Amino acid sequence: MARVSLAPPRTRFLRLVEWYSKRAYGKVLDPARALAHNPRVLWSDLRFEQSVAKWNRLDPGLKALAEMASAAAIGCSWCMDFGYWVSRERGMDARKLHDVPVWRDSDAYTPLERDVMAYAEAMTATPPAVDDDLAARLRDRLGEPALVELTATVAVENLRSRLNSTLGLTSQGFKDSCEVPDAAAGTGEVAARE
């Protein structure tokens with residue numbers, strides 16, 4: 001249960017944020033409702049997220065896995081739910097997204113993806129536990145600009161996940177709304193009915 005009301009005063013600014021959120025995501029995002037209790041915090045967060053969205057030195061798939069590994073380590077169900085939905089909308093493999101919480105036991109990932117998720121988890125630990133070998137492997141494979149972006153991405157996800165989980169925000173059901181039924185299963189159903 002949320003630790004702040006998700007019904008803040010309906011200012012003109014909040015109504016604008018709600019309109020945009022419904023248009024972009026199909027519903028109003030709970031973090032926006034929570035932050036709307038302090039419009040300056042919400043405004044700063046929106047501007048910051050717009051800037052973060054323009055970062056482009058790291059592969060988007062690697063970025064998504066890093067964000068979700070960090071969110072899973074923190075235990076933010078809202079971030080896992082939303083991250084899954086956003087990544088599926090961008091065409092990412094559902095199995096990779098689904099297996100993030102158990103990535104060490106899954107065969108869905110490449111060695112580079114495993115290093116990215118290990119880095120995200122190590123960076124999310126308190127205190128951070130990134131070792132030199134892992135950082136060197138990633139720097140050699142990604143290059144310094146992408147490593148810097150990876151590091152900043154994990155730091156941003158730590159901000160999001162810690163904020164959302166501490167405010168008690170949980171899944172809004174995004175994951176449930178983005179899965180496409182298996183075409184083969186649909187064909188079997190039609191055949192069974194005929």
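Let's start with Cys76: its relative accessibility is 0%, so Cys76 counts as buried (under 20% relative accessible area with a 1.4 Å probe, protein chains only; over 50% is exposed, and in between is partly exposed). Please note that this is a predicted model, in which local features need pLDDT of at least 70 and side-chain atom pairs pLDDT 80 or more, while totals for chains, interfaces and linings use all residues. Residues are numbered from 1 along each chain as its sequence is written, and side-chain values use heavy atoms, without hydrogens and water.

| Cysteine | Relative accessibility | Class |
|---|---|---|
| Cys76 | 0% | buried |
| Cys79 | 8% | buried |

The sulfur of Cys76 has its closest cysteine sulfur in Cys79, 3.0 Å away, which is too far for a bond. The structure holds zero disulfides (pairs of cysteine sulfur atoms within 2.5 Å).

Now to the interior. The largest nonpolar core (buried Ala, Val, Leu, Ile, Met, Phe, Trp, Tyr and Cys residues joined through side-chain atoms within 4.5 Å) has 41 residues, and Trp78, Val100, Tyr119, Leu138 and Leu150 have the most contacts inside it. At least two residues of this core come from each of helices H4 (60–74), H5 (77–89), H7 (111–124), H8 (132–142) and H9 (144–166); helices are DSSP runs of H or I with at least four residues, numbered from the N terminus. Beyond its neighbours within four places in sequence, Leu150 is in contact with Leu58, Ala66, Val116, Tyr119, Leu138 and Leu142 (contact means heavy atoms within 4.5 Å). A second, separate core has six residues, among them Ala32, Leu35, Ala36 and Leu42.
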